[in-house]
Amino acid sequence: MTFRRSAPAALIVAVALVIGGLTLLSAQLFSGLTQSVEKSQFELMQSIFDTAMRDAANKALARAELLAALPVTREAVAAKDRDRLLAEYAPMFAIQKERHGVDQVQFHIPPATSLLRLHDPKSFGDDLTRFRPMVVAVNRDHVTAKGLAIARSGPAIFGVSPVNDPQGNHAGSVEFGLDFGPLLVAMKSSYGLEFSLFIEEGPLREFAQGVDKAKLSDQNRVGRFIRFESTNEALMKDLAGDADISAVAEPATYTRDSQGVPYGVLLIPLRDGAGQSLGVVAVARDFSGSRAASGRSLVWQLCLAAFAIVLLAGVIIVVIRGFLLRPLNVVVDRFVAMSGGAASQPIEGADRFPAELRPLVDLHDRLAARRNREHGS
């Protein structure tokens with residue numbers, strides 16, 4: 001083992017280990033930062049959906065309260081006058097459906113019997129008690145309510161308001177239902193999110209008798225759910241399947257690739273006003289930005305680590321060989337030559353040698369001077 005080879009090798013290995021360890025630590029810290037960014041994105045996705053649902057429910061309820069307060073509504077509901085309600089509000093419903101995503105408007109009489117569906121006037125008189133607890137509660141407690149429900153025309157976001165007769169006595173209720181489809185499309189347009197709405201197939205088939213049968217086809221079946229709405233069906237099939245949504249009781253998150261693009265997926269369970277499960281909504285967002293930044297950071301860290309190792313290795317070799325071994329070799333060669341009988345002269349350039357070698361240089365010069373005097377005498 002020689003110092004010329006072993007010392008630089010040992011120092012270079014030590015430098016490589018230190019830089020490698022720091023690079024690994026830096027990569028872990030950046031990975032944690034990426035996870036933190038993605039967690040905040042999941043929280044933002046949840047907030048966007050919750051806010052949109054809350055706003056939709058408030059809008060549905062505001063419409064219901066406005067309609068319930070009109071004298072025509074109070075008189076016609078009290079008189080159970082379907083024809084008057086239909087003539088008065090059918091044009092309004094057509095505009096609301098076309099422009100604002102209002103999918104359902106229905107009048108009820110206690111305890112929960114359909115008086116008139118503006119979206120399906122031919123269907124009326126059925127008892128909603130078993131599957132519309134929100135309507136039952138409004139007619140029982142005479143208070144407003146809002147939330148999700150599966151109605152005859154399918155799942156919607158409802159606002160239900162009690163209706164009093166002209167004398168102020170409770171006469172029934174009116175509800176507005178907002179369709180999920182336009183709401184999901186609007187959120188996609190505004191925030192770049194993708195959505196799939198999964199509804200429990202059992203309640204959907206039992207209660208939504210007026211829903212389009214194409215919605216209930218086998219191609220939309222996902223386990224015990226029906227994929228009722230989707231802003232990008234092909235993509236969401238890759239990102240949310242039966243195994244993902246079947247056991248969702250609380251909001252859940254995960255990441256998954258589709259066609260080489262990483263997506264963050266948020267699963268949100270949906271429940272009606274009574275707490276019964278209605279289904280799950282899957283929200284997806286492109287995470288390629290944060291993942292690409294993480295990948296670029298790792299590449300740059302590795303490149304910088306390799307550059308630092310090469311640079312420091314060169315510095316170690318130059319320092320050891322240029323500032324230590326070369327002067328030491330000069331001194332050793334002079335001692336060897338002097339011991340062999342050759343004439344010795346003072347070492348030139350010794351003032352540039354490291355201070356630690358000065359004692360050897362001075363010793364050489366003294367021995368050389370003494371030897372020259374002895375030979376001269």
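How many helices and strands are there in the chain? The chain has 10 helices and 11 strands, where helices (H or I, at least four residues) and strands (E, at least two) are DSSP runs numbered from the N terminus.

The model is predicted: local features need pLDDT of at least 70 and side-chain atom pairs count only at pLDDT 80 or more, whereas totals for chains, interfaces and linings use all residues. Residues are numbered from 1 along each chain as its sequence is written, and side-chain values use heavy atoms, with hydrogens and water left out.

**Overall character**

Of the 377 residues of the chain, 42% count as buried; buried means under 20% relative accessible area, exposed over 50%, and partly exposed in between (1.4 Å probe, protein chains only). The accessible surface of the chain is about 19600 Å², and carbon and sulfur atoms account for 58% of it. Accessible areas come from the Shrake-Rupley method with a 1.4 Å probe, and for residues only the protein chains shown count as cover. Among contacts (heavy atoms within 4.5 Å) between residues at least 6 apart in sequence, 59% join residues at least 24 apart.

**Nonpolar cores**

A nonpolar core is a set of buried Ala, Val, Leu, Ile, Met, Phe, Trp, Tyr and Cys residues joined through side-chain atoms within 4.5 Å. The largest such core has 60 residues, of which V105, F107 and I157 touch the most other members. Helix α1 (residues 3–69) supplies the largest share of this core, with 12 residues. A second, separate core of 16 residues includes F198, V222, F225 and V265. Leaving aside neighbours within four places in sequence, the contacts of F107 include L67, V77, L85, Y89, L116 and V174.

F225 also provides a reference point for G202: the C-alpha atoms of these two residues, 23 residues apart along the chain, are separated by 8.2 Å. G202 is found in helix α6 (residues 201–207) and is partly exposed, at 44% relative accessibility.

**Strands β3 and β4**

Strand β3 (residues 145–151) is mostly covered, six of its seven residues being buried. Seven bridges join β3 to strand β4 (residues 154–164), and the two run antiparallel; strands pair if DSSP finds at least two bridges between them. A149 has A156 as its bridge partner in β4. The connection from β3 to β4 is a hairpin through two residues.

**Backbone features in loops**

P110 and P111 are joined by a cis peptide bond, with omega about 0 degrees. P111 lies in the loop between β1 (102–109) and β2 (113–117). Two residues other than glycine have positive phi values, as tabulated below.

| Residue | Phi | Loop | Relative accessibility |
|---|---|---|---|
| K80 | near 55 degrees | between α2 (71–79) and α3 (82–100) | 49%, partly exposed |
| Q259 | about 55 degrees | between β9 (252–258) and β10 (261–271) | 80%, exposed |

**A nonpolar surface patch**

F307, L311, V315 and V319 form a nonpolar patch on the surface, with about 360 Å² of accessible area together. Patches are made of residues with over 30% relative accessible area and no salt bridge; like charges are joined within 9 Å, and nonpolar side chains (Val, Leu, Ile, Met, Phe, Trp, Tyr) within 5 Å. A salt bridge is a side-chain nitrogen of Lys or Arg within 4 Å of a carboxyl oxygen of Asp or Glu. F307 is located in helix α9 (residues 288–339) and is exposed, with a relative accessible area of 55%.
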